[in-house]
Amino acid sequence: MEKLFFKSPLFLQNLIISLFNTYLYSKRYGRKYKKYKKLFKSQDDLSFNELKNIQNEKFIKFINEAKFKSTFYKKFYKNIDLSTIKSISDIHKLPILKKEDLRKNINEVHTIKPKDGIISKTGGTTGKPLKVVFTIDDTNRRYAYLDNFRGQYGYKLGKKTAWFSGKNLLSKKDIKNNRFWKYDFINKVRYYSTFHINENYLKYYLNDLINFKPEFIVGFPSTLLEIANYGKRNGIVFPKNTIKAIFPTAETVSKEVRQILSIYYNTIVIDQYASSEGAPFIFQCKEGNYHLDIRTGVFEVLDHDNREVNQGRLVVTSFTTHGTPLIRYDIGDMIKKSDSPKCSCNNENPKIDKVIGRLNDYIFSKETGKINLGNVSNTLKGVEGIIKFQVVQKSIEEITILIVTDETFDKKNEKIFLKNWRDRVGQIMKIHVRRVDKILVEKSGKFRIVKNLIS
Ligand SMILES: [Zn+2]
């Protein structure tokens, strides 16, 4: 099938993609999608107490259903009498579900057959991917939540959108012709490959993006950042007032990255947090603050002894995961709660300070502790000639930095770059800098600046 697809003429390929997406969308935006979207919109102005009541009610129903329908939870909760759990304040009676345990038991966790739901594969970086199954109903709900949120900025399906995600859609011929995208002309979505982001191709991406004139951009911020940096380096101005909003996906967006994107593409960047496993949603509001959407799940912030803290591991219970229930799931991200959870916008869902992102987005130094993605990106300050870099850490003692450079990179620049690193990791860490021709993206299509392999 795939061979046939890539051999067929371009028009046919686009048609197949358009039809396939329309089929996919008909599932996503199924019968109940519209109903849910209307419902969620009507809930936008609910008070905190009203939201809390919805959350409690859903929570009790959800855990009971999970124990009833999932073989795994039947065993996992064998010695727990769920009738003693009367509200979310009793949640600590339930055990925490670790990522590894979910992975190991995934087939028993499923409450439906994969073919009866929608499959999402996640996490190719450690071991085998996790196969999560969503029910059609939950999928409708998730897209209704997401589109209700994006709708506040004018987005809906059918508006011209540029999409940057981990789908590999290109044939050798496309690459030869410098065409790094496919177009779904029925739904007006142009899918750009995130697997071919390199210096030689970036101008084609940028030109096409300018010519296509999308109203919205959705996708990996790291890819958008590379295109923006290319445009800046080469003095290509992005036309003003074309893009209404950028909705980043899949990666944590640091303040620095947000600023670069919003200035270069001349638009607002509105972030949201969700994961391919189906975490409850965290949405950014017009004020730039993040809100936990408590209608979609329970968010706990815990330390290593599972005590409630202000900043720590995020443990989630997600009400849109009936196919693969996530209850007290240790998702591997960190968040910082806010001292003043009320926001000046009209959303009464609690405001948080920030999502700190995956633990493996950090470099660890014995001397200075954790260095986050924003700080890692800033090691390029005052440095010319580095087009792209990636830091790999395999042990606490050393890091390897792969760099792709152009002709302006010299000893002086290398010195500044190294000094920037020393400022962050201290004097003891061994730093190996290696010049390479290219740095590969992950299987998922994401480019990772920090690759931390310390478990
Ligand atoms: Zn707000």
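**Close-ups of a predicted zinc-binding model**

**View 1. The zinc site is tetrahedral, with angles of 102 to 117° among its four donor atoms.** Keep in mind that this is a predicted model. For comparison, ideal angles for four tetrahedral donors are 109.5 degrees. Who holds the zinc ion here? Three cysteines and a histidine do the job: C285, C343 and C345 each through SG, and H291 through NE2, at 2.1 to 2.3 Å.

**View 2. Here is how the zinc donors sit along the chain.** Their spacing in sequence reads C-x5-H-x51-C-x1-C. C285 belongs to the loop between strand 10 (282-284) and strand 11 (290-292), while C343 belongs to the loop between strand 14 (326-337) and strand 15 (351-358), so this pair ties together parts that lie 58 residues apart in sequence. Are these two cysteines, C285 and C343, buried or exposed? Both are buried.

**View 3. Now for the largest nonpolar core, which has 42 residues.** The members touching the most others are F59, Y73, L94, L102, I282, I327 and Y329. Helix 4 (residues 48-69) is the top contributor, giving six residues to this core. Another core lies apart from it, with 29 residues, including Y192, I210, F212 and V257.

**View 4. Zoom in on L94 and its contacts.** Which residues does L94 touch, once neighbours within four places in sequence are set aside? They are F59, I63, Y77, I80, L82, I85, I327 and R328.

**View 5. Step back to see two domains.** The domain assignment gives domain 1 as 2-355 and domain 2 as 362-452. Going by C-alpha atoms, the centres of domain 1 and domain 2 are 28 Å apart.

Note on methods
Residues are numbered from 1 along each chain as its sequence is written. This is a predicted model: local features need pLDDT of at least 70, side-chain atom pairs count only at pLDDT 80 or more; totals for chains, interfaces and linings use all residues. Side-chain values use heavy atoms; hydrogens and water are left out. Domain bounds come from an automatic or database domain assignment. A nonpolar core is a set of buried Ala, Val, Leu, Ile, Met, Phe, Trp, Tyr and Cys residues joined through side-chain atoms within 4.5 Å. Buried means under 20% relative accessible area, exposed over 50%, partly exposed in between (1.4 Å probe, protein chains only). Helices (H or I, at least four residues) and strands (E, at least two) are DSSP runs, numbered from the N terminus. Contact means heavy atoms within 4.5 Å. Donors are N, O and S atoms within 2.8 Å of the metal (3.2 Å for Na, K and Ca); water is not among the atoms, so sites may look incomplete. Four donors count as tetrahedral if all angles lie between 85 and 135 degrees; four count as square planar and six as octahedral if opposite donors are over 155 degrees apart and all others between 65 and 115; anything else is irregular.
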